[in-house]
Amino acid sequence: MEKIGVFICTSCNIGDRLEIADLEAAANEQGCAHCASMPFLCGKEGVEAIKNAIKENELDSVVICACSGRVNYDVFDFGNIPVERVNLREGVVWSRWPKVEEGQEVPEDESQIEVAEGVSFKDELMALAKDYVRMGVVKMQKYAPPEPYKPEEEMSWKVLVMGGGVTGLTAALEVAKAGYEAVIIEKENELGGFVAKMKKQLEVGHPYRNLQEPITKKLIEEVQANDKIQVITGATVEKIAGAPGFFDVTYKQGGSEETIRIGTIVVATGWKPYDASKLEEPYGYGKYPDVVTNIQFEEMLAKGELKRPSDGSPVKSVAFIQCAGQRDPDHLPYCSGVCCLASLKQAKLLREADDEAKAYIFYKDMRTMGIYENFYQALQDDPGVFLTKAEFKSISQGDDGKLVVEVTQTLLGEDLAVPVDLVVLATGMVPTTADDPVVPLEYRQGPGFPELELFYGYADSNYICFPYETRRTGIYTAGCVHQPMTTAQAMEDAAGAALKAIQCLKAIEAGHAVHPRTWDYAYPEFNFKRCTQCKRCTEECPFGALDDDPKGTPMPNPTRCRRCGTCFGACPERVIGFKDYNIDMVSSMIKACEMPEPDYGLFRVVAFICENDAWPALDMAAYHRNSFPLSIRFIPVRCLGAVNVAWVRDAMSGGWDGVIMLGCKYGENYQCHFVKGSELANRRMENVAETLQQLALESERVVLHTVAIDEYDKVPQLLQEFQETLEGIGESPFKGW
Amino acid sequence: MPTYVEPDLKFVKGVIASGGDTLKRCYQCATCAVVCPLSTDEVPFPRKQMILAQWGMADRIAKDPAIWLCHQCSDCTAYCPRGARPGDVLAAIRAMAIREYAEPKFLWSLYNNLGGLIVLFGLAISVIVAAILIANKGIPELESPVRFSHGLFHGFLPVAFVDAIFLPLAGFVALISIRGISMMWRQLNEGFHVPEAYRPTTGEMVSNYIIPAIKEILAHERFKKCGVNFNRFTGHRFVLWAFIILFIVTNIVFIGADFLGYHTPWPLWNPVKIFANLGAIILIYGSILLIQNRKAREAEGAMKGAYADWFLLYLILFVGLTGLGAEILRLLNLKIAYPMYIAHLACVFVLFLGLPFSKFAHLLYRTTVMVYDRYITDVRAKMEATGALAAEKAEESEEAAEEAQEVAEGESQEEAAEATEEKEEKKEA
């Protein structure tokens, strides 16, 4: 931008601790078109003054030097005029404090505190504030207004729903209710999925105490009556090519294949039961005919034939063994979430059929999700339902042909042996995605959703922030392929995924990112002339946004992209950049900082901080008036994956003493908005080490830490330790070059 | 060895029908046993009783003294996070236990539902009216001044006829009660096997356990510890004392009138008469306190009364009111005193007969359990002191060790053997 206005706020201690005139001078030196300072910039008069200044001086951008960019973003909003925020409050005056020995008073005048020979605390504080102002102005100078991505092709507004069970039906209905078209592809010949085969199901609304007819009947009728929904049964999806808004979906029905244009996709392919033949030991499945799974018992109930498979005699007593092959490292390590309710329901149906029948439920933990606690309570009141926490021990056959279930660790404080007519094993759910890609994507990174091991094969995502997002943009999962859940939960999940699918279509239409940077119109642009076809970007993109052309040159699919910048972080040739955020911008910011002469006695550290976790943690530390070393200049980045090694090289060769990177937690319970960012950054530390070796610098000068958003109390210590490390190594030899 | 379980569904349904309809809600958090002021660390209740009842283990519950150690302060009900109302459930279990010890069972049924009320009073009134008709060889002339009898064989209802009704009744009730108590005692002793050496003689039984238990009951020590409010504690104590007073004066009058010829009515200044009237007033006052308390408790949801509870309270109140009423009406020389007297005798008849069948039976069984509790606690303490209890436990664990040995092999076998040896050494020491 050309005509940059700089506005410095003097309130919130900024005017008390900093020399505002010096800051204005720094801004002018850096080349701003207009500079002003005033108290309460965020107040009515302040905002009005900025608006007037924009008009009078024909400013094309503003730099607000006040509080953190994480607050008051709604106040400092000037329409088309881009705004950069320089964090003088949380970043300087609220988080940098002189060291005080115990018992000593802090001197009023900070210029009286000597921090190095001939350097006062005030000098260093001002140096920091001035660097921030300069970086702010430079950043705006390197900024270009982004333009929305508008492909020439016409986008499709259709939502494909894969699976016609409760989830799929609900998703399609929700899409139609919102005014859009949906296509259901179901592999079976009938809609309804598993629930349609039940005798009764738990009620899907208040008071969550009773049973109801399967909801699928009503849903199917509604779907069939809705002209916005196209139903294709007996069909399988064979191929999905393209990108959100422009998917070409090929399905096979009977012997013929057909391709349709689709906008976004809701995957509701559900689950299948765990293979019970693996449960012969110790549960006796297959060994005793009267040991059945909960699925088989559901079928018996639906048929109304409560007879023992062995001899056809009536079933008068049933033992339900919960968690059979679940929460067990040898089988399914997780809880399927619905089996406790299923067994309670089956017990109720058994008792309704025969008032003298007895139902025993042996559970590890009674888990009735949500308000279904009500159903559990209702069942507890049934005199013929006997419940106890227990560990299954063994099963054997008595002389009278009855099965004897032995359990231990019961609530009765003793081991029990219970003779029953039938044993029902509560076997668990296996998501359809566990051993099948389900979405046959024609992506460079392959079909299916990557790395589902984190979720035991479920097509789940970052559960902390984004429940419906998969790692394939424009494809949302719902129902039991997403997580184990009840019918009621699946319906809610379906509605959520359907609305997300529509939101994605709207984002494509507007030409901005879908998620999580929903407002972001910029997208990565490639300078292909300098591309060496190294493929790092296509491999590292967490969302599979980049395909290859036959030569290996990346082919961007902007509608798949989430604007994390991982690609530009990965690119060794620095050919990738956004209009409003690029490698040159950050390199220039680093260079804009004033570097002291050699033997200055104090350090300069640049910190790249994740704006989603580390930045809020640092702001919170500032609100607690914790102290950070004066040497550190923080540069927020959208993701640690978007940190290019070039920046580290620029800093280190420019005389900076160290670089610290603060990213979010990665691994099993990762918190990254872009799934892999800080993990990739950590992997790239090898390249950093190489760079340092080339420069003959100590490897300890560049470190990476993970910080969760709530770890504000640990950050100051972390930074202090790094400062002490540098003190041990000494000043960078590159100073003064 | 695991416990072989065949829950008694009838028992569970019975508890539910007797006012314990919240029984199954318990999920064994044990809040009840913690808040109960009477529950001890050694014998905690009512958590365990809740699950035994849930699982229809009727025989186990019968052997368990804890259900009678509860005085139903309902703290457990107030604190139960699940609304399982253990206080009411234990009351229902006690009602079931009374039925268990009662014979014939149809009498229990009469005392436990509203229909039975008509039958019982119909029976009582017809017996009394029949006696009056026989004694007077037809409808009696209602004398003035009013008096209910003069002499053994003369009057409205001669003393001998009253005796002819109530003595056999007392005999029957005593028989059923003794049968019930001995049944209970047998069952209680099945719960914990007391070795021969630790069994007391009858004399020791009376002096060490029965008399202290009765003293405790008279003072209402446990009841007080139960943390119930003033009305319930005082009311219950008054009713108990009133019954004792009335029992004593009735016996004095029985001997005086029947054998010594001091015919009733006795003058008001007679010390026995004064004592009797005092008893009647205390009875009425105490039962009113109890009724008020129960009403208040039910209104606040702390208790859920069953029919049997209200039946007994009002019956006691009516025994007092009709008794005192008949006396006053007689002194006022109003002929309505005669039907009032019949009503009083009918109430007394129903109350008497109800001793082993109505909630009144808690007098028998709670007393029995309080004796048993003193006895078994003492025996356990003695066995502990001499090491017999540990020996018994060691025997059990040795058995377990042997079992373990059978399963284990090699080293673990040796270890188990060592462990057994160690245990034996300890035993010798």
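The following questions and answers go through a predicted model of two chains, A and B.

User: How are the residues and chains labelled, and which pLDDT limits apply to this predicted model?
Analyst: Residues are numbered from 1 along each chain as its sequence is written, while chains are lettered from A and ligands numbered from 1 in the order in which they are written. Because the model is predicted, local features need pLDDT (the predictor's confidence in each residue, from 0 to 100) of at least 70 and side-chain atom pairs count only at pLDDT 80 or more, whereas totals for chains, interfaces and linings use all residues.

User: Which element of chain B has the lowest mean pLDDT?
Analyst: Chain B averages a pLDDT of 88, with 91% of the residues scoring at least 70, and the model scores ipTM 0.76 and pTM 0.82. Over residues 407-412 of chain B the pLDDT stays under 50, and for that stretch the model has two contacts beyond four places in sequence, a contact being two residues whose C-beta atoms, placed from the backbone, lie within 7 Å. Among the elements of chain B (helices being DSSP runs of H or I with at least four residues and strands runs of E with at least two, numbered from the N terminus), the highest mean, 96, belongs to helix α16 (residues 337-353) and the lowest, 50, to helix α19 (residues 410-428).

User: Is A:Leu202 buried or exposed?
Analyst: A:Leu202 lies in strand β9 (residues 201-202) of chain A, and the residues it touches, not counting those up to four places away in sequence, include A:Leu211, A:Tyr372 and A:Phe375. A residue is buried if 20 or more other C-beta atoms lie within 10 Å of its own, exposed if 12 or fewer, and partly exposed in between, with C-beta atoms placed from the backbone. Because A:Leu202 has 24 C-beta neighbours inside 10 Å, it counts as buried.

User: Which residue of strand β24 of chain A is the bridge partner of A:Ala319?
Analyst: Strand β24 (residues 422-425) of chain A is covered on both faces, with A:Leu422 and A:Val424 buried on one side and A:Val423 and A:Leu425 buried on the other. Strands pair if DSSP finds at least two bridges between them; β17 (residues 291-293) of chain A runs parallel to β24(A) with three bridges, and β18 (residues 317-321) of chain A runs parallel to β24(A) with four. A:Val291 of β17(A) stands opposite A:Val423, and the partner of A:Ala319 in β24(A) is A:Val423.

User: Which residue of β1(B) stands opposite A:Leu416?
Analyst: An open sheet of four strands with mixed pairing has the order β21(A)-β22(A)-β23(A)-β1(B). Strands β21 (391-397) of chain A and β1 (3-4) of chain B stand at the edges, each with a single partner strand, so one side of each is left without a neighbour in the sheet. Two bridges join β23 (residues 416-420) of chain A to β1(B) in parallel, and opposite A:Leu416 stands B:Thr3.

User: Which helix gives the most to the side of domain 1 of chain B that touches domain 2 of chain B?
Analyst: An automatic or database domain assignment gives chain B domain 1 (9-100), domain 2 (105-376) and domain 3 (387-428). In domain 1 of chain B, 26 residues are in contact with 26 residues of domain 2 of chain B. On that side of domain 1, α5 (66-69), α6 (75-79) and α7 (86-101) of chain B each supply at least two residues, and the most, nine residues, come from α7(B).
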